[in-house]
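Subject: Structure handover

Hello,

Here is the structure I said I would pass on. My notes on it follow below.

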Amino acid sequence: MPVGNYDFYAISINSGNQEKFEFDAGKIKGLMNGTDYLWATKKEIVINNSTNVTFDFIHKAVAIELDFIAGNGIDYLYITNVQTAMSADGGELMLSSGEITPSLALSSLMKKLDVINNTCRWIMLPLSGLSELPIIIEAILQKGDKVESKRFATSLPIVNRNYKAGTLYKYFIQVEADSLSFGNTAVSEWAGISMDNIIVREQ
C-alpha cells in the first residue's frame with residue numbers, strides 16, 4: 001500500500017464462519033437475521049512504512065433477550081419452547097456509515113429460539129414502524145401437585161416502535177397460571193469490541 005492518508009472500513013460477523021458479502025454501490029446487501037454484524041472505521045490514517053491500526057467494532061444488528069420468572073403461586077416453571085417473528089431479511093448496510101436500513105415489515109415465518117434456564121436471546125436486523133413483535137411461548141407449570149403445559153400466543157411491545165441498531169432490549173416476563181405480565185423493558189447499548197495490533201504496511 002503506497003504511503004498516504006486512508007479511510008478504512010471493516011466488517012465482521014463476529015463468528016468463525018466465513019461469510020461472503022455482496023457489495024453494491026458502497027453497500028452490503030442481503031443481510032440476514034441471526035448474524036452479529038460488526039462495523040468499524042478509521043479515517044485519515046497516515047500509512048508510512050508499517051502502521052498499527054486499531055478498530056473499535058460496534059454492533060449494528062439488534063439483540064433481544066427474554067427472561068421468564070414464575071408468577072404468584074407457581075412452584076416450578078420450565079419454558080420449553082419460544083417462537084418469534086423477526087424483521088424481514090434482506091437488509092442493507094451502508095459501508096461509509098455502518099448504518100443498516102431498518103426493516104419496515106416482519107418475516108413471514110416464526111423462528112424457534114434456544115431456551116436456556118428460562119432465558120432466550122436472539123439477534124435480528126433493525127426494525128421500524130411496528131408496535132408489536134408476535135411470540136409464542138410454551139411452558140410447563142407446577143402449582144402444588146398439579147403439573148400442566150401451557151401455550152401463550154402474545155406479542156412483545158416494541159419500544160417507541162423501533163428496534164434500533166446496536167441496542168440490547170431485555171424483557172422480563174412473569175408467567176402466571178393463565179396469563180403473562182410484562183415488566184419494564186431494559187434498553188441498553190450493546191457493548192462493542194476492540195481489535196488492535198492490525199498492521200498495515202507500505203508496499
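**Ala186 and its surroundings**

Ala186 sits in strand β17, which covers residues 186–189. Please keep in mind throughout that this is a predicted model. The relative accessible area of Ala186 is 34%, so this residue is classed as partly exposed, the class between under 20% and over 50%. Beyond its neighbours within four places in sequence, Ala186 is in contact with Leu168, Tyr169, Lys170 and Phe172. Ala186 and Glu65 are 121 residues apart along the chain, and their C-alpha atoms are separated by 9.7 Å.

**The chain as a whole**

The protein chain has 18 strands and 0 helices. It is made up of 203 residues, of which 38% count as buried. If one takes the contacts between residues at least 6 apart in sequence, 73% of them join residues at least 24 apart.

**The largest nonpolar core**

As background, nonpolar side chains in soluble globular proteins tend to be buried together. In this model the largest nonpolar core has 29 residues, and the members that touch the most others are Ile64, Leu66, Phe68, Trp122, Leu133, Leu156 and Tyr163. Six strands each supply at least two residues of this core: β6 (62–70), β7 (76–84), β10 (119–124), β12 (132–143), β13 (146–157) and β15 (167–175). Which strand gives the largest share? That is β12, with 5 residues.

Ile64 can serve as an example from this core. Leaving out neighbours within four places in sequence, its contacts are Cys120, Arg121, Trp122, Met124, Leu133, Leu156, Tyr163, Leu168, Tyr169 and Tyr171.

**Ile173 and Ile74**

Ile173 is located in strand β15. Is Ile173 buried or exposed? Its relative accessible area is 0%, so Ile173 is buried. Apart from neighbours within four places in sequence, Ile173 is in contact with Leu66, Asp67, Phe68, Ile69, Leu156, Leu180, Ser181 and Phe182. Between Ile173 and Ala70 there are 8.7 Å from C-alpha to C-alpha, while in sequence the two are 103 residues apart.

Ile74 belongs to the loop between β6 and β7. Although in a loop, Ile74 counts as buried because its relative accessibility is 10%, under the 20% cut-off. With neighbours within four places in sequence set aside, the residues in contact with Ile74 are Leu141, Gln142, Val175, Glu176 and Ala177. One of these, Val175, is 101 residues from Ile74 in sequence and 8.4 Å from it in space, C-alpha to C-alpha.

**Two polar residues in strands**

His59 lies in strand β5, residues 50–59. With a relative accessible area of 7%, His59 is buried. The side chain of His59 is joined to that of Asp36 by a polar contact of 2.7 Å.

Asn81 is part of strand β7. Its relative accessibility of 9% puts Asn81 among the buried residues. Asn81 is in contact with Lys112, Ile136, Ile137 and Glu138, neighbours within four places in sequence not included.

**Positive phi angles**

Ala25 is not a glycine, yet its phi is positive, at about 55°. Ala25 is found in the loop between β2 (22–24) and β3 (27–31), and with a relative accessible area of 71% this residue is exposed.

Asn118, also not a glycine, has a positive phi of about 65°. Asn118 is in the loop between β9 (111–113) and β10. Is Asn118 buried or exposed? Asn118 counts as buried, its relative accessibility being 13%.

**The largest pocket**

The largest pocket holds about 150 Å³ of space. Its lining consists of Asn33, Gly34, Thr84, Met86, Asp89, Ser107, Ser108, Leu109, Met110 and Lys111. How many of the lining residues fall in each class? There are 5 polar, 3 nonpolar and 2 charged residues.

Regards

Terms used. Residues are numbered from 1 along each chain as its sequence is written. This is a predicted model: local features need pLDDT of at least 70, side-chain atom pairs count only at pLDDT 80 or more; totals for chains, interfaces and linings use all residues. Side-chain values use heavy atoms; hydrogens and water are left out. On a 1 Å grid over the protein atoms alone, a cavity is a set of points where a 1.4 Å probe fits but cannot get out, and a pocket is an open set with protein on both sides within 12 Å along at least five of seven lines; lining residues have an atom within 4 Å of a point. Grid points are joined across faces, edges and corners, and a volume is the space filled by probe spheres set on the points. Ala, Val, Leu, Ile, Met, Phe, Trp, Tyr, Cys and Pro count as nonpolar, Asp, Glu, Lys and Arg as charged, and the others, Gly among them, as polar. Helices (H or I, at least four residues) and strands (E, at least two) are DSSP runs, numbered from the N terminus. Buried means under 20% relative accessible area, exposed over 50%, partly exposed in between (1.4 Å probe, protein chains only). A polar contact is a pair of N or O atoms within 3.5 Å; within protein, one must be able to donate a hydrogen and the other to accept it, and residues adjacent in sequence count only if both atoms are side-chain atoms. A nonpolar core is a set of buried Ala, Val, Leu, Ile, Met, Phe, Trp, Tyr and Cys residues joined through side-chain atoms within 4.5 Å. Contact means heavy atoms within 4.5 Å.
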